[in-house]
Amino acid sequence: MDSDGEPRGQGWEQLAQLTGGVPPERIPALTGVRELDQVYPLLHSLAGRSLGDFLVRAAALEAIVAADEAVSSAAELDQILYWLEPGTRESTLRVLRQSGWLQYEAGVGTTLTDAGRWAYDVLSFLHKRLRESELLPTIAGIEYALEIGADPIRLLLSMRSRLVARRDEIERARASYSEVVLRRAIGGLDAVLDLSNQIRAVLERVSLDQRAARAIVRDIHDLLSQLHGSSSELHHAVVQLGRQYLRLAAGLTVEQIVTALQRLPVDELARAGRNALEPVVAAPPLLTTDVIAQAAELQVLRDHSSSEPLEWQEPAAAETISGEPELPSEVATLLDDLGSLATRVQREALGSFIPRVNPATSFLRASLLALVGHKLGGEGVAGQLGAVPLSVEIEHDGWPADLDAERASALTALTPGSLTPRDIDG
């Protein structure tokens with residue numbers, strides 16, 4: 001059982017059960033981390049069974065380290081950890097003593113162990129440096145390893161892994177075609193490039209005698225060069241992506257554009273709508289020499305079957321269609337109503353002329369009234385509507401007004417106005 005009353009996990013001797021019977025001494029990866037068994041009790045006891053245990057024990061350690069005295073008595077510990085309930089305070093100190101963070105000597109008091117101070121120094125990197133940049137703890141670790149004469153290969157592997165992950169993230173961002181993802185990748189890349197000079201300075205201190213470490217150093221230099229080149233490519237990708245979207249001039253918003261359109265006269269807006277009904281000639285497709293060359297190459301490589309001799313024959317007679325296309329009943333009714341109104345030589349309000357049967361029919365009548373009185377030529381519906389001797393007059397500012405209850409089933413609101421024969425003086 002461990003200090004928290006939990007059963008201990010498998011030790012070094014039992015690792016063969018996890019490796020398929022191969023002794024752990026024959027596996028370099030396991031022998032390389034065997035020495036870490038000395039810090040397992042420290043970290044395991046600090047983590048505890050829950051997040052609350054971890055936070056309380058970490059805070060207690062920091063409070064003890066921050067105290068003025070290197071040796072603390074029971075009364076001084078109670079004062080340092082005054083914010084803990086007495087029972088929790090005693091259990092926290094007991095776990096830290098049993099796991100090797102603290103040691104107690106009768107007649108002296110409680111002090112931090114050397115292993116506890118070392119582990120505390122390592123954990124202190126997680127407070128500030130990790131928030132600034134994920135590479136800073138690794139850089140500091142390499143500097144510390146070089147100063148004490150230790151092999152920094154594990155820290156160099158960690159740095160190479162981080163740079164490879166950053167390179168892969170950049171490739172995924174470029175393939176996403178998302179401005180948000182691209183800008184996030186640029187932010188992460190800038191944080192790495194800001195430390196580029198510091199990283200290169202630390203790498204130069206790695207001794208030439210450490211061949212394995214120097215090989216990793218060369219990989220890191222290559223990765224930094226690739227990341228420097230990727231910076232300009234990411235910015236170029238953002239610029240190219242931004243050209244695909246319409247930028248409104250002078251910072252105009254959609255609301256401002258709609259407000260400006262509402263201030264225009266109805267006749268001007270109707271004129272723009274009529275122009276939109278006119279046919280538009282489609283622009284010819286853009287062809288480049290690369291596209292033509294690729295199509296020609298595919299045509300040459302394609303398997304061609306031998307063509308059969310052509311037999312010239314007279315074409316069949318074209319099929320004739322009798323009669324004229326059927327005119328929708330709603331449009332025919334509208335033409336009849338307009339002709340009847342023109343013969344009566346009297347005005348009729350739009351509110352009584354447009355609403356019919358249902359909203360769809362009423363909307364069709366209102367839409368076609370925009371063509372009344374505008375001679376477009378031809379014998380179609382547009383030509384017939386333009387030939388009717390009527391004019392559409394809009395009253396007030398053109399804003400829709402509520403209709404009476406009798407026509408609410410077809411339309412609830414309509415722009416006030418009237419249909420006026422041209423023989424009547426305005």
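**Reading the contacts in a predicted model**

User: What makes Arg365 count as sitting over the ring of Phe353?

Analyst: In this predicted model, the charged end of Arg365 is 4.7 Å from the centre of the Phe353 ring. The distance cut-off is 6 Å, and the charge must also be within 35 degrees of the ring normal. Arg365 is therefore listed as sitting over Phe353.

User: How many aromatic pairs does a search of the whole structure find?

Analyst: Zero. A pair needs ring centres within 6.5 Å.

User: Why are helix 3 and helix 5 called roughly perpendicular?

Analyst: Their axes cross at roughly 80 degrees. The band for that label is 65 to 115 degrees, so the term applies. The axes of helix 3 (residues 51-66) and helix 5 (residues 86-99) also come within 10 Å.

User: Which residues of helix 3 and helix 5 meet?

Analyst: Helix 3 brings Val56, Arg57, Ala60, Leu61 and Ile64. Helix 5 answers with Thr92, Leu93, Val95 and Leu96. By class, this contact has seven nonpolar residues, one polar and one charged. Arg counts as charged and Thr falls among the polar ones, so Arg57 and Thr92 fill those two places.

User: How do you know that strand 4 and strand 7 pair?

Analyst: Five bridges join them. Pairing takes at least two, so strand 4 and strand 7 qualify. They run antiparallel, and Val392 stands opposite Leu419 in strand 7.

User: Why do strand 3 and strand 4 count as edges of the sheet?

Analyst: The open sheet has the order 3-7-4. Strand 3 (348-349) and strand 4 (390-394) each have a single partner strand, so one side of each lacks a neighbour in the sheet.

Conventions:
Residues numbered from 1 in each chain as written. Predicted model: local features only at pLDDT ≥ 70, side-chain atom pairs only at ≥ 80, totals over all residues. Heavy atoms only, no water. Phe/Tyr/Trp six-rings, centres within 6.5 Å; stacked < 30°, edge-to-face > 60°. Axes fitted to C-alpha atoms, helices over the stretch in contact; angles between N-to-C directions. Helix = DSSP H or I, 4+ residues; strand = E, 2+ residues; numbered from the N terminus. Parallel < 35°, antiparallel > 145°, perpendicular 65-115°, else oblique. Contact = heavy atoms within 4.5 Å.
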